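Please open the structure in a viewer and keep the selection tool at hand. This tour proceeds from one cysteine to the next.

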Amino acid sequence: KTHFMSRFLFPSLCFACFFSSALNAQNFYERDTIQVIELFFSFTNWDAQLDANEPTETYIYADSVRINGVSFDSCGVRYKGNSSYNPTNQKNPLRIELNTIKSNQDYHGITDIKLSNCYKDPSMIREILSYQILENYMDCPRSNFARVYINGQYRGVYTNNEAISDDFNQVHYYHSNDTYFKCNPVGGAGPGGGTSPDLKYLGADSSTYFNGYELQSDFGWNRLVALCNTLNNDFQNIEATLDIDRAIWMLAFNNVLVNLDSYSGAFRQNYYLSWDANGRFVPTVWDVNMSFGGFPGGTGSGTFTPSALDPFSNATSNNHPLIKQIMASPIYKRMYMAHVRTMVQEMFASGQYETWAQNLMALADSSIQADPFKFYTYNQYLNSLTTAVSGGGPGGGGSIPGIKALMDARAQFFSTNAAYLLQAPAIVNHGAATSPLPYGTNITINATTSNESAVYLGYRGNHQLKFNRIPMFDDGAHNDGAAGDHQYGVEAPVDGLTFEYYIYAENNNAGLFSPARAEHEYHTLAVIFPTPAVGSVLINEVLASNDSLNFDANGEDEDWIELINTTNNPVDLAGFYLSDDPLNLMQWALPAGTIIPANGYLLVWADKDTMQAGLHANFKLSSNGDYVYLSHGFNVHDQVAFGPQLTNISYARCPDAGLDFATILPTPLANNNCQIGIAENEVLQVQVYPNPFQDQLIIDHQEDEMTLQIVDLNGRSMYTEALKPGKNQIDASNWASGIYLVHIQAPKGMRTVKVVKH
């Protein structure tokens, strides 16, 4: 058996790995960077092979792909796109899968790379700029520039767009490995392209929807049918199955930016629907390379002038049921115009978009000038903010407006538009009488307004939950002052980990949110929880490799974490979190109201199945070694690290709630069976902690022989020594802050651990 003191232990797998990965993943989409992506094929006819495989969307294999100097062997590559792809193009959109053959390959967690070719965009910034604007109002992909080389030849500037995937859904919608659709016709857009993904109800037979939507998951057609049925036939219940606020933001964005290669245009496409942790669909905008008036297909409802596109375009169109139903609802229509006003005022009337556009063009200027296969001339690129291009680019076609020329005219149009100028209420102030808020109580939220006829409170007790929107009252009976004094009040429960809220006020003409970007942004009030003593709840047992030993309520043999209450009283676990990520201690919140009995146990399944009934964390454990944190807010109450684990053998405190750990036969929700210990794997057993550290780093091991070398990221040796068994304390007080590599060598093998010095 191997024992160690968990109260002093920080995991050796650890912080720096996640810190470095997260940082580099962020840099891969950072807008002020240009990525360098190089593809190498052993054959010269790679273009012909990619063209041949494009209709079936199958990959050919590059011998290697190099991203910012990091090489990957045997990666899948294919052409992608609909109208942006053409076999005569010298520059087609690309999709790269790093893990098609070698499943363990990723670039700092990223495996799926999508590169667009700036089709129909003389400015080459439409996609990046559109997402830069949209991210202020709803979740959307990140996007930046990439210089692409194939077999050493520069192929030009592409836009590097974050893929909408299980990982994207987990980050933004707190749910993955579940239903999501790419809403594009399977046969391509336009006449003959199959069923449009327009959300019409086509009947209960899910097969009638197959040609209009691309299912990206293993199941979900019945959910899509239910959404379409509710939208068209039971709209009063739409909020139970669709995030209506994000749908409204999507429509406002499409209209303001004249982004008509979208649901708002003739083909009703280019968006995703993802199932979230609240059991509803959330829309995500996709493929915006022809925003700012670049799409020639129009609205699908007659002719129009892009700069004067009616904010209520398609409001009566039977081909656009989402738009039609929202515009037919007085409150949703006023919310929509509130979002339109916010976007126009913040981005276009202010000129903010132009500053961002100029920054992007300056960043990419030399790369675009050198692009040998760009679709437009360098002079057209330089003038693309102010000058329209007629009939140019791939396939010719209609005029593509200059971005600034269009959007300045668009802002001017809204400044005289009657619907835009309708006077909304004013929200003078708002909040609770006291803050922070005591958990488990009911509190009153007040709002003072003017020119209003109704006021609503949207609130939630956890960031992962949907907002509850309820009416507020000015009747003198809801802690709102005198009746009719324009001070509103309503009582709401403080039953979650935080209190997030927004105010919405409206009259018969217009509405207004506070904050203006709600629900994407919101006000927050802190919640006070009864502070349990450290040690009152502990991680008691962990099973990281469960093979048909224990099953959850859904019959799945998932890994689990057992907690123990060391006190003689029940403990409400509101405010407690579990995590396997030291960068995100509040990764998964134990639901408020979860009670662990006096001197009792609680089992949490570590399976990422957060939609299942019961306690299911949004992370999994690794049988190769992992760590688990139990925290109350930002305060760590317990942490456990473990090395490689045998199947159906748990890592447990011996005795229950004790200081030492051992490998034992699992005993979920029962006393740990410490009389029957299991031999550890014959692997190198060493702990490196704390991590991150400040002045002292401890290496704790029981090996007969072990040598240690610590180097910085430049390869400079900071410490080299043979270490005796037990705890070895390394003085690092003179080291600079940063990441270090700890190389450990023993007869059993070698191990390298990344550590961070603060």
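Is Cys 674 buried or exposed? Select Cys 674 in this predicted model: Cys 674 has a relative accessible area of 15%, so it counts as buried. The cut-off that decides the matter is a relative accessible area under 20%.

Next, add Cys 654 to the selection. A disulfide joins Cys 654 to Cys 674, with an S to S distance of 2.2 Å. Cys 654 is buried as well, because its relative accessibility is 16%. A search of the whole structure finds one disulfide.

Now look along the bond between the two sulfur atoms. The torsion about the S-S bond of Cys 654 and Cys 674 is about -95 degrees, and the disulfide is therefore left-handed.

Then display the strands around this pair. Cys 654 sits in the loop between strand E32 (650-653) and strand E33 (661-664), whereas Cys 674 sits in the loop between E33 and strand E34 (686-689), so the disulfide ties together parts that are 20 residues apart in sequence.

The tour continues with cysteines outside the disulfide. Select Cys 118, which is in no disulfide. The nearest cysteine sulfur belongs to Cys 140 and is 17 Å away from that of Cys 118. Cys 118 counts as buried because its relative accessibility is 6%.

Finally, select Cys 183. How far away is the nearest cysteine sulfur from Cys 183? That sulfur, of Cys 228, is 8.8 Å away, and Cys 183 is in no disulfide. A disulfide requires cysteine sulfur atoms within 2.5 Å. With a relative accessible area of 0%, Cys 183 is buried.

Note on methods:
Residues are numbered from 1 along each chain as its sequence is written. This is a predicted model: local features need pLDDT of at least 70, side-chain atom pairs count only at pLDDT 80 or more; totals for chains, interfaces and linings use all residues. Side-chain values use heavy atoms; hydrogens and water are left out. Helices (H or I, at least four residues) and strands (E, at least two) are DSSP runs, numbered from the N terminus. Buried means under 20% relative accessible area, exposed over 50%, partly exposed in between (1.4 Å probe, protein chains only).
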